[in-house]
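Visitor: I should like a close look at a single part of this protein, namely its aromatic side chains and how they are paired. Please set that part in its structural surroundings as well.

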Amino acid sequence: MDGFGSITWWGFSPALDLCQQHLPTNKNADVSVSLQDLQVEENPGSGDLNILLIGAGDLRHVLKTIAHSYRRPKQKINFYIIEQSLELYARQLLFLMIVLEPQDRMGLQEKTELFMELYGNTLVRQQSCEYIEKMAGELIKMVTDFDYLEKMLPIVDMSSLKFKERDFLEGIFKFWRNPDVQIYDAAKCWELRLRQHLGVRYDSRKGVFDWDYNMKLAERGAKVINKHEYSNWRDSGIAFEPREATYNTPNKTMASGRLLTNREGDKVPRRGYWGDIVVGPFLAHGIEAEDESLFKKQNGVYTKMATDITQYNILSMIHEIATKTKYVSPDTQSEVKQEKLTEITEEDEEQNVQLEDTLPVDKPLSRKYVPLHVEDVRIHFLPLNSAADLVKKSKFKELFNVVFFANSMVHHLTSDLSSVFASKATVILETVKFMVDLQADKLKEFVDKITDMAKGAGCEVLDPCDPQSDAVAKFSFTR
């Protein structure tokens, strides 16, 4: 197995608002055609915008698109998701529940930190593990009772999944619910992957990490990722530490199964960590942001890290989904000045401590989960690896206005599949720009290959793609 692993826990390109107006001359613009150009009226009886994501690995595009939806004319958006592993569907359902946590159960900052931990860390805080176990029980009810799903996560549709897939999801959630931390040794699994991948270079792994960072990741436009946070993740599997705490409990949402061959040549299932150990979870939310102050430099060095940018982006998305208003960072300097104006005496502190001791202990998570309401959004989970089967179903014919392919799934882009593209559609293909195990010549070779595939499917180049600087290649399709 290579360093990228066999399951995509996170994406290898930044989050995109797939509905944002596309400006071909602006290299920093998000990728889509304008809503006017989509001609959604060609979908009979529907003004919906239909988006297909194949192999994205996470919900980064979905969440950013939903978060920014209030900035555009009102329109229903349908997301259709196809992945290669049911563990990804399980995680995506959990992250949706976190994002839609009501304010009386979990505050904005707490949701953000929990999201970051579970998204990018093999080891998390004990309280985060307890949240997984608690919500796993709810998720079991959802996948086994669609009426309960409609009540708890009304934006989700799992009716297309096969019965055996729903049964497998139930098994995943039961594994999450098991409080025995010994059933999955995340630290050991991470070390075994490192040793297998590095071989004789394991003892000098710090030098390997430095080389991959300086000569590949930073050179390809991700310098805002701090070398130390990247190296720490490569060594420990812990990417985000938004607060000073102990991260020592296995993150069971990152455990997955894989068939391995034993010495006798028999295939045996093994649970372990089979995801990425070379790129990291920093790209999806940690290298781009609307707030330009996050990219300030001092003496040629970024003052913020990918962790800070990730926290800002996730917090912003959760805030915008909840309030339909743009998130504005608080002015920390004014807060400091305000604190200096207030003198706190020892008597005040003693009174506050005594008051806190007499207050009843409130456990917000013991309250009933009532998700935040999200209008005009539906997320459809389709059967695993079902891209080739879409053309066989009439309901998908000429349906999708925007289609995203992860770099590991571009082989599904064929002339046959183009029959599910709308009359005017945008096709987005993730490049291998940030795949650090690949040499520079392979980047160009990959872009040339996917360009030929896109043209073979009837697409035209929307913007020229630079293999060294573009994380996605953009194409238009016109019937």
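Guide: The account below begins with the whole chain, turns to the aromatic pairs, and then moves to the surrounding elements.

The model is predicted. The protein has 479 residues, of which 54% count as buried. Its secondary structure comes to 14 helices and 14 strands. Among contacts in the protein with a separation of 6 or more, 75% are between residues 24 or more positions apart.

Within this framework the structure holds 19 aromatic pairs. One of them joins tryptophan 10 and tyrosine 119: the ring centres are 6.4 Å apart and the planes stand at 50°, so the pair is tilted. The assignment follows because planes under 30 degrees apart count as stacked and those over 60 as edge-to-face, with the rest as tilted. Tryptophan 10 belongs to the segment before strand 1 (49–54), whereas tyrosine 119 belongs to helix 3 (residues 108–120), so the pair ties together parts that are 109 residues apart in sequence. Tryptophan 10 counts as buried, at 1% relative accessibility. Tyrosine 119 likewise has 1% relative accessibility and counts as buried.

Tyrosine 119 also forms an aromatic pair with phenylalanine 115, and this pair is stacked, at 6.0 Å centre to centre with 25° between the planes. Both residues lie in helix 3, four residues apart, which is about one turn of the helix. An α-helix has 3.6 residues a turn, so residues three or four places apart point the same way. Phenylalanine 115 is buried, as is tyrosine 119.

These three residues are part of a wider arrangement, for ring pairs link Trp10, Phe95, Phe115, Tyr119, Trp190, Tyr213, Tyr230, Trp233, Phe240, Tyr273 and Phe282 into a cluster.

Aromatic rings also meet charged groups in this model. The charged end of arginine 271 sits over the ring of phenylalanine 175, 3.8 Å from the ring centre. Arginine 258 has its charged end over the ring of tryptophan 274, 5.6 Å from the centre of that ring.

The surroundings include a contact between two helices. Helix 2 (residues 86–99) and helix 4 (residues 126–144) have axes that come within 11 Å and cross at roughly 110°. The two helices are therefore roughly perpendicular to each other, since angles of 65 to 115 degrees fall in that class. On the side of helix 2, the residues in contact are Leu93, Leu94, Met97 and Ile98, and they meet Tyr131, Ile132, Met135, Glu138, Leu139 and Met142 in helix 4. By class, this contact has nine nonpolar, no polar and one charged residues.

Helix 1 (residues 60–67) is a further element to inspect: eight of its eight residues are buried, so it is largely enclosed by the rest of the structure. The buried residues of helix 1 include Arg60, His61 and Lys64, together with Val62, Leu63, Thr65, Ile66 and Ala67.

Two loop residues complete the account. Asparagine 299 has a phi near 55°, a positive value in a residue other than glycine. Asparagine 299 is placed in the loop between strand 8 (297–298) and strand 9 (301–302), and at 79% relative accessibility it counts as exposed. Glutamate 398, also not a glycine, has a positive phi of about 50°. Glutamate 398 lies in the loop between strand 10 (377–381) and strand 11 (400–405), and this residue is partly exposed, with a relative accessible area of 29%.

Key: Residues numbered from 1 in each chain as written. Predicted model: local features only at pLDDT ≥ 70, side-chain atom pairs only at ≥ 80, totals over all residues. Heavy atoms only, no water. Phe/Tyr/Trp six-rings, centres within 6.5 Å; stacked < 30°, edge-to-face > 60°. Buried < 20%, exposed > 50% of the residue type's maximum accessible area, 1.4 Å probe, protein only. Lys NZ or Arg CZ within 6 Å of the ring centre and 35° of its normal. Axes fitted to C-alpha atoms, helices over the stretch in contact; angles between N-to-C directions. Parallel < 35°, antiparallel > 145°, perpendicular 65-115°, else oblique. Contact = heavy atoms within 4.5 Å. Nonpolar A, V, L, I, M, F, W, Y, C, P; charged D, E, K, R; others polar.
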